[in-house]
Amino acid sequence: MPVTATPIFTSRLAGRRLLDGEGLSIGRVRDVVLLQAGADDPPRALGLVATLQRRHIFVSLGRVAEMSVDGVSLDGSSVDLGRFSQRAGEILASDLYDRPAGAGFVLDVGISPAETGRGGWEVTVLAIGQRRGLRRQPGAIVPWYEHRELFDSGGVSNEIAGLRDMHPTDLAGVVESLPAAGRRQLADALQDSELADVLQEMPEQDQVRFLAGLGADRIADVVEQMEPDDAVDLLAELPAGERGQLLAAMPTNRAADLRRLLSYDATTAGGLMTSQPLIVTPETPVAEVLARIRQPARAVTEAAQIYVCEPPAVTPTGRYLGTVGFQRLLREPPAVQVGHCIEGSGFVRPVLSARDVATLLAAFNLVGVAVCDEAGRLVGAITVDDVLDRLLPADWRKGGEKVAD
């Protein structure tokens with residue numbers, strides 16, 4: 001397998017600053033988390049172990065906007081602040097250093113953007129050399145598969161690694177066929193963000209069964225990683241006492257956001273919406289908006305339409321001004337302010353029925369619609385997939401033939 005991209009060596013990331021979306025230092029990178037090789041695929045690079053406020057946390061590479069000499073910059077989206085726990089099938093890059101590899105030893109591990117269509121990062125090369133006391137003498141850069149044995153621990157871990165490598169939609173389908181012990185083993189193996197991705201592809205009642213047996217703190221960490229509208233759908237399935245316990249275990253701002261969404265009837269626009277659409281102020285340059293759209297963690301449906309509001313740019317916002325589609329932004333000069341690109345200013349109230357929202361989207365060929373309160377503030381947004389998810393039969397994910405009926 002030829003290496004077409006210049007790899008980033010994991011040892012050179014250690015010690016670099018972890019920067020938030022505003023460029024402020026919030027911690028230090030300590031290690032890189034790898035997932036052992038699958039049957040036909042190279043090992044994946046899942047994320048970073050970083051020290052933040054004396055706590056080791058996991059940062060998914062999907063949340064990373066840039067890696068440079070200045071540090072590792074995050075894209076501004078949420079980061080799980082729970083303590084890092086190494087899970088089944090995972091390997092720390094530092095654990096590979098100095099491991100025997102042929103006639104030499106592993107000095108470093110090189111990772112590159114994946115070229116297999118699955119996205120993310122993967123291990124592409126190893127730096128192999130010799131040890132002379134405390135000194136390391138570089139020798140050669142070789143493809144990872146020349147020393148595949150370093151990335152294969154075998155047994156159950158290998159099976160779990162194969163499952164973790166699946167797309168969340170496919171993995172959600174596999175979960176249903178697993179026995180209770182297998183579901184628990186898989187849940188224990190997945191990072192919080194990975195488990196959240198899988199849950200979002202499952203019906204709410206199946207989500208509850210999948211989480212059964214996990215501790216309240218772990219469940220709260222996972223729910224915190226879910227999209228707000230999906231998190232609310234799951235919380236609504238839980239008994240009031242358990243729901244309150246989970247909300248109490250979350251950060252105050254996140255819990256308040258979810259409680260606000262829970263206050264809306266599930267059959268209304270308020271019950272359909274997400275509270276975290278892509279919001280910008282009118283003075284934001286087009287170039288900055290496009291950079292936010294390009295962030296790997298940004299969902300396609302979320303990136304299709306941008307909501308322009310007066311500060312604050314979090315719900316409930318300042319006065320809602322209107323929306324602009326990303327295609328319009330592609331035709332504008334980078335320095336133009338997004339406030340000059342607004343295409344429409346229509347919105348619905350939170351009390352509008354879900355069916356009326358669907359009718360509106362269909363009648364005007366909309367990909368999304370703003371939801372505003374009586375004061376004209378944006379409180380959320382609804383996308384086409386939100387409406388379809390609510391209007392289709394509850395078991396639509398379990399087979400296309402059910403939908404066809």
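**Helix 12, a helix pair and two cores**

In this predicted model, helix 12 spans residues 286–293, and its buried residues are V286, V289, L290 and I293. Looking down the axis of helix 12, these buried residues fall within an arc of 100°, so they line one face of the helix. That pattern fits a simple rule: an α-helix has 3.6 residues a turn, so residues three or four places apart point the same way. And what sits over that face? The cover on the buried residues of helix 12 includes strand 13 (279–280), helix 13 (300–303), strand 14 (305–309) and helix 14 (326–330).

Next comes a pair of helices. The axes of helix 9 (residues 240–248) and helix 10 (residues 252–262) come within 9 Å and cross at roughly 145°. Helix 9 brings R243, L247 and A248 to the contact, while helix 10 brings A255, L258, R259 and L262. Sorted by type, the residues of this contact are five nonpolar, two charged and no polar.

Then there are the cores. In soluble globular proteins, nonpolar side chains tend to be buried together. Here the largest nonpolar core has 45 residues, and L195, F210 and I382 touch the most other members. Setting aside neighbours within four places in sequence, I382 is in contact with residues including A269, L272, M273, Y307 and V357, along with V367, V369 and V387. Apart from this core lies another, of 31 residues, with L34, A50, L61 and A93 among them.

Zooming out, the protein has 17 helices and 18 strands, and 46% of its 405 residues are buried. Of the contacts with a separation of 6 or more, 58% join residues 24 or more positions apart.

Note on methods
Residues are numbered from 1 along each chain as its sequence is written. This is a predicted model: local features need pLDDT of at least 70, side-chain atom pairs count only at pLDDT 80 or more; totals for chains, interfaces and linings use all residues. Side-chain values use heavy atoms; hydrogens and water are left out. Buried means under 20% relative accessible area, exposed over 50%, partly exposed in between (1.4 Å probe, protein chains only). Helices (H or I, at least four residues) and strands (E, at least two) are DSSP runs, numbered from the N terminus. The arc is that of the directions from the helix axis to the C-beta atoms. Contact means heavy atoms within 4.5 Å. Axes are lines fitted to C-alpha atoms, for helices over the stretch in contact, and angles run from 0 to 180 degrees between N-to-C directions. Ala, Val, Leu, Ile, Met, Phe, Trp, Tyr, Cys and Pro count as nonpolar, Asp, Glu, Lys and Arg as charged, and the others, Gly among them, as polar. A nonpolar core is a set of buried Ala, Val, Leu, Ile, Met, Phe, Trp, Tyr and Cys residues joined through side-chain atoms within 4.5 Å.
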